[in-house]
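Work through the following exercises with the sequence and the model side by side. Try each task before you read its solution.

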Amino acid sequence: MTFLEYAPALESTGLLNLKEHYGLFISGEFVDGRGTAFETISPATEQTIALISSADDADVDSAVVAARLAYDTVWSTMSGRDRGKYLFRIARLVQERARELAVAETLDNGKPIRESRDVDVPLVAAWFFYYAGWADKLDHAGLGANPSSLGVAAQVIPWNFPLLMLAWKIAPALAAGNTVVIKPAETTSLTALLFAEILQQADLPAGVVNIVTGDGATGRALVNHPGVNKVAFTGSTAVGREIARSLAGTNKKVTLELGGKAANIVFDDAPIDEAIEGIVNGIFFNQGQVCCAGSRLLVQENVHDEVVERLKARMATLRVGDPLDKNTDVGAINSAAQLARIEALSAAGEAEGAERWSPPCELPQNGFWFAPTIFTNVSTSHRIAREEIFGPVLSVLTFRTPAEAIAKANNTPYGLSAGIWSDKGSRILAVADKLRAGVIWANTFNKFDPASPFGGYKESGYGREGGKHGLAAYLSPAAPILASASPAPAAPATALPAPALPASRRKRVSK
Ligand SMILES: NC(=O)C1=CN([C@@H]2O[C@H](COP(=O)(O)OP(=O)(O)OC[C@H]3O[C@@H](n4cnc5c(N)ncnc54)[C@H](O)[C@@H]3O)[C@@H](O)[C@H]2O)C=CC1
Ligand code: BAL
């Protein structure tokens, strides 16, 4: 079924006016890609929404050339204050088109509309507002006076938060004075292309942001393009590792935000009602397709039975189904491939002896669905306790002492996030101090704020996004010019004048 046949069902929303075919966004215009176009479908129905262009190597090259030209001629020479005005304008336009963006995101990704509407899209606007404020304050980014932008940033993003990850990448890059070529994930390119329309509405100078759609081959061509100065990637640890390897020995600055296997630690003195909500939010938000999901529940042994019983009762209230229904709690899995991964790991959990439970729920016939699932009797050696499932599947382990909780929480190759639930602030601080995780929530989970740095240790990647750390990832310190004790030799009379450098790249002479 084509989108046009499917469209009447959406007309009731009165919001979406999608095209049948979306091109690449290069130098401020939509252009056809030279690769083979592909369909983007609704994971909740498997119906086609639109046809998306695919960028080949030549298209990627055009996008990088456009970004370089915009960097050299417009963006790196513009004042921070003026760059900030564009970011503010983008944030306002995101707010104006918020309902449309939320519906499109839910349609293309499968996440509940309640999340797109109340979390993803408001945070997108918040990210642009936040970094708009930074654009004329780069001297305070922690890199000394007059830090310089890097040049062209290549950004590759995943499908779990399509528009939000785009904002996490583009907003700090632009605020710092870089230009961008970004590649959305192949299953969720739609909202990036609606965002391109917003860039046109905002009159952002051509080439400052370019969007190339396609699969992993497009991403590979982009990150390896010699005209790129900075690479920012969010996605699987396997691809992150490949990117790190392929960029070793180049002078590209790299940030990688990869997988996770977060421990959500519940002590026996925790506020249990709040903890149950935090556990549910930690693993069922966005169907658990979240790199920082609280996928391992570590619960103190003496409250294990009570917590599991209350958790199951709460899970039985979750509504699974149509993501466009505002009462839905758990939507569709993003793709058939992701569903297959979740099913395979869950089957491995059962085969290894863990006890599996899901509330009774009727799943839709078409589309990609997985019921909220909890595994008890899990041991640390089980695959479901070690590997990222990236689905609505919780593995429950127990501990007796804080030391055991810390040891189990850190017993993972990942180090992205963790949660601690306890009534005692001193205990929370003492445990947090020993957890090897980049983000630690206390008596809450899955809270995001643009001012707060986000990123991991170990196989969860390196670098931080958000806050001034996220800004610094797109800057380099001004090169110091050392004052000489003896006077500098006079320039020969015939010397040519030095070429004028853009203001942001001029070096400061130390006093
Ligand atoms: N950290 C996170 O937020 C995410 C983690 N994942 C994890 O990865 C698993 C697999 O999901 P996938 O969609 O296959 O992730 P992936 O890492 O293959 O895809 C993420 C992005 O990277 C691009 N890509 C793929 N290969 C590339 C390459 N060689 N060079 C440059 N870009 C490339 C993709 O087109 C997509 O835009 C999931 O089950 C989950 O465990 C997936 C998505 C997001
Ligand atoms: N990649 C940042 C949001 C998440 O998946 O946890």
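**Exercise 1: a buried glutamate**

Locate E197 in its secondary structure, decide whether E197 is buried or exposed, and find what its side chain meets.

Solution. E197 belongs to helix α7, which covers residues 190-201, where helices (H or I, at least four residues) and strands (E, at least two) are DSSP runs, numbered from the N terminus. The relative accessible area of E197 is 17%, so E197 is buried, given that buried means under 20% relative accessible area, exposed over 50% and partly exposed in between, with a 1.4 Å probe and protein chains only. Its side chain makes a polar contact of 2.7 Å with the side chain of R97; such a contact is a pair of N or O atoms within 3.5 Å, of which, within protein, one must be able to donate a hydrogen and the other to accept it, while residues adjacent in sequence count only if both atoms are side-chain atoms. Apart from neighbours within four places in sequence, E197 is in contact (heavy atoms within 4.5 Å) with K19, Y22, F30 and R97.

Before going on, note that this is a predicted model, in which local features need pLDDT of at least 70 and side-chain atom pairs count only at pLDDT 80 or more, whereas totals for chains, interfaces and linings use all residues. Residues are numbered from 1 along each chain as its sequence is written, chains are lettered from A and ligands numbered from 1 in the order in which they are written, and side-chain values use heavy atoms, with hydrogens and water left out.

**Exercise 2: an open sheet**

Give the strand order of the open sheet of three strands, and say which strands stand at the edges.

Solution. The order is β1-β5-β4, and the pairing is mixed; two strands pair if DSSP finds at least two bridges between them. The edges are taken by β1 (21-22) and β4 (38-41), each of which has a single partner strand, so one side of each is left without a neighbour in the sheet. Next, β4 and β5 (residues 48-52) run antiparallel and are joined by four bridges. Within this pair, T40 has A50 in β5 as its bridge partner.

**Exercise 3: two helices that cross**

Describe how helix α3 and helix α5 are placed relative to each other.

Solution. The axes of α3 (residues 80-96) and α5 (residues 113-134) come within 8 Å and cross at roughly 165°, the axes being lines fitted to C-alpha atoms, for helices over the stretch in contact, with angles from 0 to 180 degrees between N-to-C directions. The two helices are therefore roughly antiparallel, since angles under 35 degrees count as roughly parallel, over 145 as roughly antiparallel, 65 to 115 as roughly perpendicular and the rest as oblique. Among the residues that meet are G84, L87 and F88 in α3, and V121, V124 and A125 in α5.

**Exercise 4: two positive phi values**

Where do N286 and N377 lie, and is each buried or exposed?

Solution. Most residues other than glycine have a negative phi. N286, although not a glycine, has a positive phi of about 55°, and N377 likewise has a positive phi, near 55°. N286 sits in the loop between α10 (272-284) and β13 (296-300) and counts as buried at 0% relative accessibility. N377 sits in the loop between β15 (373-376) and α13 (383-386) and is exposed, with a relative accessible area of 52%.
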